[in-house]
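Me: I should like to learn how to read the sites where small molecules and metal ions are bound. Please take me through them step by step.

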Amino acid sequence: MANITCSLCDERACYLRRYSGQRFCRRHFIEYFEKKVKQTMLRYRMLERGERIGVAVSGGKDSLSTLNILSKLAEKLDLDLHAILIDEGIANYRAATIKQAKRFCEELGVPLTTLSFKERFGTALDEAVKLSQRNACTFCGVFRRKLLNDAARELGCDKLATGHNLDDEVQAIVMNYLRGDLERLVRLGIDAGSEQLVPRIKPLMEMPEKEVALYALLSGIPASFEECPYAQDSFRTEVRAMINRLEESNPGIKFSILRGYQKLLPYLKSYQAKALRSCATCGAPSSGERCKACMLLEELTPSA
Ligand code: AMP
Ligand code: ZN
Ligand code: ZN
């Protein structure tokens, strides 16, 4: 009969960390998880004492877990946390997650600012999709990134934290690599490209998605596990399945992909330095004459 007690105490284990062989009970899993996230933040120097940190919260397990851990550190590091939520305008989906995020922020005593596509751009995502042939995720990704950055700047944040986990990072690395999209591959690993971009931090970037889900569950974080109704990126689905299959037979390969990417990054950065310029309309860093957000906005505004 296999040993099912925690590696650190006599309690029953609820998680086996396959790539290290450690087993954890509830209490020791939460302890391990929070400690490892803190180590990641230290290693990459994500936080400085006294900083104002914007936390991008969607209401999902990743962003609320990020907020939970940062709020535990806030007092010690004298951090000033502000949660930022973007309401894309997705009927029958966003309202419930907004409610959850609001409740959790109130519980933690963290102020929450909500910005919507409709207010800021004049078009909710549901409308944009009807006006254009483009995929919903194209608008969503570009506009959300812009609004998160605008909100963080308006609030005077020194950094913007997102809930991206190890799986998100590794999928993005492999997808960009397979597509030969060097620009995006570089951008992924750069925390700030210019003065206008609030530096990004990803405290969960070394935590596998499965562990984040377990952490949220065991910590009683009221996270939404619902999928966005527009989520249907088939290439991402294929890449995710491939990486998960590889991880099954080679535990730890997700970490190797991330580490390999980090070793490549210094060489990739010189590529980016050549490619970026400023958008002629809004001044944001852009690879072309105008940035993607300005181009998409123009498509949605029929000229008179
Ligand atoms: P996703 O691309 O949906 O996996 O989201 C990655 C991260 O982006 C989340 O963990 C959040 O930190 C942030 N994020 C996603 N959607 C929103 C949103 N609507 N409002 C604020 N932050 C968001
Ligand atoms: Zn234990
Ligand atoms: Zn622009």
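**Reading the bound ligands**

Me: Which atom of ligand 1 lies 3.3 Å from a polar backbone atom of Val 57?

Reply: A polar contact is a pair of N or O atoms within 3.5 Å. Here a nitrogen atom of ligand 1 is 3.3 Å from a polar backbone atom of Val 57. An oxygen atom of ligand 1 is 2.6 Å from a polar backbone atom of Ala 56, and a backbone N or O atom of Ile 86 lies 2.8 Å from a nitrogen atom of the ligand.

Me: On what basis should I read such values?

Reply: The model is predicted, so local features need pLDDT of at least 70 and side-chain atom pairs pLDDT 80 or more, while totals for chains, interfaces and linings use all residues. Residues are numbered from 1 along each chain as its sequence is written, chains are lettered from A and ligands numbered from 1 in written order, and side-chain values use heavy atoms, without hydrogens or water.

Me: How many residues surround ligand 1?

Reply: A residue is near a molecule if one of its heavy atoms lies within 4 Å of it. There are 14 residues around ligand 1, and Ala 56, Ile 86, Glu 88, Arg 94 and Gly 163 come nearest. By class, the shell holds six nonpolar, five polar and three charged residues. Its largest share, three residues, comes from β4.

Me: How is a metal site read?

Reply: One begins with the donors, the N, O and S atoms within 2.8 Å of the metal (3.2 Å for Na, K and Ca). The zinc ion (ligand 2) is coordinated at 2.0 to 2.4 Å by Cys 6 (SG), Cys 9 (SG), Cys 25 (SG) and His 28 (ND1). Along the chain these donors follow the spacing C-x2-C-x15-C-x2-H.

Me: Why is the arrangement around the zinc ion (ligand 2) called tetrahedral?

Reply: Four donors count as tetrahedral if all angles lie between 85 and 135 degrees. The arrangement is tetrahedral because the four donor atoms subtend angles of 101 to 114 degrees.

Me: Is Cys 25 buried or exposed?

Reply: Buried means under 20% relative accessible area, and exposed over 50%. Cys 25 is buried, at 4%, and His 28 is buried at 8%.

Me: Which residues are the protein donors of the zinc ion (ligand 3)?

Reply: They are Cys 279 (SG), Cys 282 (SG), Cys 291 (SG) and Cys 294 (SG), 2.3 to 2.4 Å from the ion. The site is tetrahedral, with angles of 104 to 114 degrees. Cys 279 is buried, with a relative accessible area of 4%.

Technical notes. Tetrahedral: all angles 85-135°; square planar, octahedral: opposite > 155°, others 65-115°. Buried < 20%, exposed > 50% of the residue type's maximum accessible area, 1.4 Å probe, protein only. Polar contact = N/O pair within 3.5 Å; in protein donor to acceptor, adjacent residues only side chain to side chain. Helix = DSSP H or I, 4+ residues; strand = E, 2+ residues; numbered from the N terminus. Nonpolar A, V, L, I, M, F, W, Y, C, P; charged D, E, K, R; others polar.
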